[in-house]
Amino acid sequence: MPNHQSRLSGVTELIGAKLPAARWFAGRNREATVTGLTALPALTPDLPVVSLEIAEVRYADDPDAMDHYLVPLCYRAPADPAGPGLGIAEHPRLGPVGVHDATADPYAADVLLDLVASDRELVSHGASLRSHLVDGSALRPGLPGRRFGGEQSNTSLMFGDVAMLKFFRRLEAGDNLDIEVHRALGGGPAAGRIATLFGWLDASWIDRDGTIHEADLAMFVEQLPHAVDGWDFALDCLRRGEDFSAYAGSLGRALREVHDGLLGLGGASVRDGVEEAAAMRTRLGTAVAEVDQLSALHGALDSRLSVLEPLDYPAQRVHGDFHLGQVLMVGRDPATRSWRIIDFEGEPLKSFAERRTPDTVWRDVAGMLRSLDYAGAYAIRHEQTDSAFAQEWVSRAREAFVAAYSEDGLDSDQQRILRAYLIDKAVYECRYEARHRPEWLPIPLAALAALAGTDDTFDGGRK
Ligand SMILES: Nc1ncnc2c1ncn2[C@@H]1O[C@H](COP(=O)(O)OP(=O)(O)O)[C@@H](O)[C@H]1O
Ligand SMILES: O=P(O)(O)O[C@H]1O[C@H](CO)[C@@H](O[C@H]2O[C@H](CO)[C@@H](O)[C@H](O)[C@H]2O)[C@H](O)[C@H]1O
């Protein structure tokens with residue numbers, strides 16, 4: 001066994017006990033065990049020791065499956081004034097230590113900034129940790145680090161008002177999709193639609209079986225100024241009674257520019273309508289098995305998907321999980337503020353291989369149309385917004401988004417394709433809501449009831 005392997009039953013057990021409750025742990029509803037914890041080369045020689053560690057996770061329901069999660073730690077003396085952190089554990093080299101979450105530790109934040117602000121490789125016992133600096137021009141020494149407090153599925157550190165370091169929690173073997181897209185679009189015509197990439201961290205390590213693993217660990221980007229999440233921005237408009245169509249139009253143009261840029265990442269291919277309809281039917285079947293309320297719509301939705309079968313249509317790299325939470329309105333001045341698109345990691349319920357496969361741009365268009373519908377439905381259900389106003393708000397926003405995205409409007413095939421992807425997205429949402437937020441399930445269910453109707457086309461904004 002390579003001796004960089006932590007072999008810390010104490011620390012491994014402690015992390016194993018904490019992991020199931022972590023916001024970022026995707027296996028919360030499964031019986032999961034941390035079967036190993038591998039320390040990458042330490043970032044500091046003496047206590048406090050900052051150490052990025054990789055937890056190997058296995059599942060009782062699928063013994064062949066294994067995930068790797070990134071766990072940034074900071075070991076401190078047990079009597080350190082910072083307290084015990086996650087708990088005290090026995091470290092084989094350091095002895096008893098307080099095990100702290102490095103993403104919540106100001107000293108660790110300084111050390112991490114120092115790492116990402118340089119081009120460096122640290123090597124120890126067959127494991128390697130590398131920082132790649134692409135653009136350090138905005139960085140200043142001593143930028144204070146703090147953990148980002150907003151909603152997210154990974155964990156980010158903010159440095160001053162300049163930079164953001166996003167740690168990917170569930171690691172993907174090889175290149176991370178988000179970094180790949182930011183690298184590919186940076187410097188090109190769509191660069192203004194995304195955050196500037198400052199750099200990234202990657203690593204390789206050897207597990208107990210001698211298998212070599214490689215993964216990207218973190219993305220270091222520009223902190224977008226005065227950024228408001230598109231979901232909050234849209235709901236504020238609804239609350240103020242403000243029309244969203246101009247914002248939706250600029251969002252449509254932004255998506256179009258990003259899609260044009262993404263074409264350069266892997267090029268164009270073709271999606272086979274027969275295969276895609278079959279894949280959507282499989283996903284529908286899975287959702288029906290998980291969500292009882294869907295069974296009444298199963299037959300009608302299944303037959304609506306046949307619309308794809310005679311069609312072959314272009315595919316390329318896309319965003320994959322495009323909704324209002326994945327766009328930020330940036331800037332304070334209403335005259336100059338504009339949209340940025342973030343988080344190109346794709347749908348969390350898909351495998352990494354599926355997320356990388358070229359897809360149709362209509363998946364992203366459908367995602368945003370569904371999201372606009374969600375905003376209106378949420379306002380009606382949870383904020384007592386007038387129903388007629390909210391429905392009109394949604395229709396106008398959806399029409400403006402599609403019109404700006406497509407410039408010349410949709411031909412009849414595109415309308416049919418879009419309709420099928422609206423169904424597929426709402427089916428996905430039913431699974432997502434049933435698992436995470438059952439009280440929101442009526443929103444995609446209502447959309448599916450409308451989409452199960454007999455019309456095969458996308459009727460402007462209304463369905
Ligand atoms: N470059 C950025 N600048 C400022 N805030 C950002 C930036 N990127 C993301 N955020 C904030 O972080 C939140 C989560 O980002 P996201 O990339 O979706 O993370 P995750 O994949 O972990 O869910 C966003 O909704 C936004 O509020
Ligand atoms: O965690 P991610 O941002 O990758 O996306 C997941 O969570 C989203 C909810 O936070 C979920 O989006 C659904 O709810 C949104 C409102 O909260 C709505 O705007 C989206 O249209 C709707 O799909 C997303 O599907 C899921 O992948």
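Axes are lines fitted to C-alpha atoms, taken for helices over the stretch in contact, and the angles between them run from 0 to 180 degrees between N-to-C directions. With that in hand, the helix pairs of this predicted model can be read one at a time. The axes of helix α6 (residues 273–290) and α11 come within 10 Å and cross at roughly 30°. Since angles under 35 degrees count as roughly parallel, α6 and α11 are therefore roughly parallel to each other. Their crossing is left-handed. From α6, the residues Met280, Arg283, Leu284, Ala287 and Glu290 take part, and they meet Ala420, Asp424, Val427, Tyr428, Cys430, Arg431 and Ala434 of α11. Sorted by class, this contact holds eight nonpolar and four charged residues, with no polar ones.

Helix α11 also packs against helix α12 (residues 442–451), here at an angle of about 150° and with the axes 9 Å apart. That angle makes α11 roughly antiparallel to α12. The two helices pass in a left-handed crossing. On the α11 side the contact is formed by Leu422, Ile423, Ala426, Val427, Glu429, Cys430 and Glu433, and on the α12 side by Pro444, Leu445, Ala447, Leu448 and Leu451. The class count is 10 nonpolar, two charged and no polar residues. Val427 and Cys430 of α11 are worth locating in the viewer, as they appear both in the contact with α6 and in the contact with α12.

A further helix pair is formed by α4 (residues 230–240) and α9, which pack at about 60° with their axes 10 Å apart. The two are therefore oblique to each other, and α4 passes α9 in a right-handed crossing. Trp231, Ala234, Leu235, Leu238 and Arg239 of α4 make this contact with Ala375, Ala379 and Glu383 of α9. Six of these residues are nonpolar and two are charged, while none is polar.

Helices α9 and α11 come up again around ligand 2. This ligand is surrounded by 13 residues, and the closest are His323, Leu324, Ser371, Tyr374 and Glu429. The elements that each give two or more residues to the shell are α9 (361–383) and α11 (412–436). Of the elements, α9 gives the most, with three residues. The shell is mixed in class, with five nonpolar, four polar and four charged residues. Glu429 links two parts of this description: Glu429 is among the closest residues to ligand 2, and Glu429 of α11 is also part of the contact with α12.

Turning to the strands, an open sheet of seven strands follows the order β6-β7-β11-β12-β10-β9-β8, with antiparallel pairing. β6 (120–124) and β8 (145–147) stand at its edges with a single partner strand each, so one side of each has no neighbour in the sheet. On average, neighbouring strands are turned by 20° against each other, direction ignored. Within the sheet, β10 (residues 163–167) and β12 (residues 212–222) run antiparallel and are joined by five bridges. Here Phe167 stands opposite Ala218 in β12.

Two helices lie across strands of this sheet. Helix α2 (residues 106–116) lies across β6, β7 (127–133), β8, β9 (155–159), β10, β11 (197–206) and β12, and runs at about 115° to β8. Helix α3 (residues 177–185) lies across β11 and β12, with an angle of about 55° to β12.

The model also has an open sheet of five strands, in the order β1-β2-β3-β5-β4 and again with antiparallel pairing. Its edge strands are β1 and β4 (87–91), each of which pairs on one side only. In this sheet, neighbouring strands are turned by 45° against each other on average, direction ignored. β2 pairs with β3 (residues 62–76) in the antiparallel sense over 11 bridges, and Glu53 stands opposite Val71 in β3.

Finally, two backbone details in loops deserve a look. The peptide bond from Leu47 to Pro48 is cis, with omega near -5°, and Pro48 is found in the loop between β1 (32–39) and β2 (49–59). His226 has a phi near 50°, a positive value in a residue other than glycine. This histidine, His226, lies in the loop between β12 and β13 (228–229).

Conventions: Residues numbered from 1 in each chain as written. Chains lettered and ligands numbered in written order. Predicted model: local features only at pLDDT ≥ 70, side-chain atom pairs only at ≥ 80, totals over all residues. Near = placed C-beta within 6 Å. Helix = DSSP H or I, 4+ residues; strand = E, 2+ residues; numbered from the N terminus. Nonpolar A, V, L, I, M, F, W, Y, C, P; charged D, E, K, R; others polar. Parallel < 35°, antiparallel > 145°, perpendicular 65-115°, else oblique. Left-handed = near helix turned anticlockwise from the far one by under 90°. Contact = placed C-beta atoms within 7 Å. Pairing = 2+ DSSP bridges.
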